[in-house]
Amino acid sequence: MPSNKHRNRGSKINDDTMMPPNKQNTPSQEYEDDEIEEMQDTDFKKFMIRTFRSFQKQILELQKSLMDKTENLSRENEILRKSQNETQKLVEQESVIVKRNQNEMKSSIDQMTNTLESLKNRMGEAEERISDLEDRAQENIQSNQRKEEEIRNLKNIVGNLQDTIKKTNIRVLGVPEGMEREKGLEGLFSEILAENFPGLEKDRDILVQEAHRTPNKHDQKRSSPRHVVIKLTTVKHKEKILKCAREKRQITLRGSPIRLTADFSSETLQARREWRDIAQVLREKNCQPRILYPAKLSFVNEGEIKTFHSKQKLKDFVATRPALQKILKDVLHSETQKHGHQYERRERK
């Protein structure tokens, strides 16, 4: 019986040895204390060796497991440390970037502030300059207006002086170029007097002091001949000749029509020309118009003789006379348009 019992126990021990370490029972679980005491030395030794080996194996496994866990923890710790370092570096870099951006923004804001302040100062200076320029421009306009007025006055004075200086001169219009080669201009003037005013031609007191054509140079493109200016010795002779010319109306030289008129300055001549259309209309209405010295228009209206120095005064007067306004409406309107076109041409130039 005992041998069977030990045989069963031996088979049980062998079975336990074949079990995995994690499924083996500890010696205290396999045997009771009284059973251990009943073991023989050989079985006990085997039991102790097996138990030791089991414990050793478990310890090794535990040690390996702990080492693996330790290694995993170390690896995770290293990863965490690296991640922490990288995060810290990123934070530091971001901090540096943010700080740099803040500095740049502050610098930009300062620059913008300085620029705005500079622009504000420049605008103030520009406004002052513009104000000064406007004042100067206004002063220049006023000065130019005064100068223009002075120029007009000087032109009038010069025109009057020229008219005064040329009082003894008679201007002959329509004498062909080259006709003076035979007798000279003085001889042609004597021929004009003999052909048109026989009584005056015999007057020995009428003397020609000087005779010339104007302008001095002959323009080949000019369609009309240059005028002949005859300077007499006295104004009385000039007035006598012009009076006879007005009475005769048609003056000729060798059968060709010519004109005799007083010799005025170019400005006075232009002023006299500007009255011609108006005088023609008034002549057709039997208003007896006359262009007086130096450039005044005179005519009869409602039994009274009216004299005007300028067209503006004539327009003001016509506005109060409906009948006269009806007569001169077209010619005054055309004159206004003509002066407007002349003004536009001067502005374009």
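Me: In which helix of the protein chain is confidence lowest?

Reply: This is a predicted model, in which local features need pLDDT (the predictor's confidence in each residue, from 0 to 100) of at least 70 and side-chain atom pairs count only at pLDDT 80 or more, while totals for chains, interfaces and linings use all residues. Residues are numbered from 1 along each chain as its sequence is written, and side-chain values use heavy atoms, leaving out hydrogens and water. Helices (H or I, at least four residues) and strands (E, at least two) are DSSP runs numbered from the N terminus. Confidence is highest in strand β8 (residues 304–308), at 90, whereas the lowest mean, 43, belongs to residues 2–18, which form helix α1.

Me: How many contacts beyond near neighbours in sequence does the stretch with pLDDT below 50 have?

Reply: Where pLDDT is low, the predicted coordinates should not be read in detail. The stretch in question covers residues 1–29, and a contact means heavy atoms within 4.5 Å. Beyond near neighbours in sequence, the number of contacts that this stretch has in the model is 22.

Me: Which strands stand at the edges of the open sheet, each with a single partner strand?

Reply: Two strands pair if DSSP finds at least two bridges between them, and the five strands of this sheet, paired antiparallel, have the order β2-β3-β1-β5-β4. One side of each edge strand is left without a neighbour in the sheet, because each has a single partner, and these strands are β2 (208–214) and β4.

Me: Which residue in β3 stands opposite threonine 214?

Reply: β2 and β3 run antiparallel and are joined by six bridges. Opposite threonine 214 stands a residue of β3, histidine 227.

Me: At about what angle does α5 run to β4?

Reply: Axes are lines fitted to C-alpha atoms, for helices over the stretch in contact, and angles run from 0 to 180 degrees between N-to-C directions. The helix α5 lies across β1, β2, β3, β4 and β5, and its angle to β4 is about 145°.

Me: Which element supplies the largest share of the largest nonpolar core?

Reply: A nonpolar core is a set of buried Ala, Val, Leu, Ile, Met, Phe, Trp, Tyr and Cys residues joined through side-chain atoms within 4.5 Å, where buried means under 20% relative accessible area, with a 1.4 Å probe and protein chains only. The largest one has 26 residues, and Phe197 is among those with the most contacts inside it. Several elements, including β1 (169–173) and α7 (235–248), each supply at least two residues of this core. The largest share, five residues, comes from α5.

Notes
Buried < 20%, exposed > 50% of the residue type's maximum accessible area, 1.4 Å probe, protein only.
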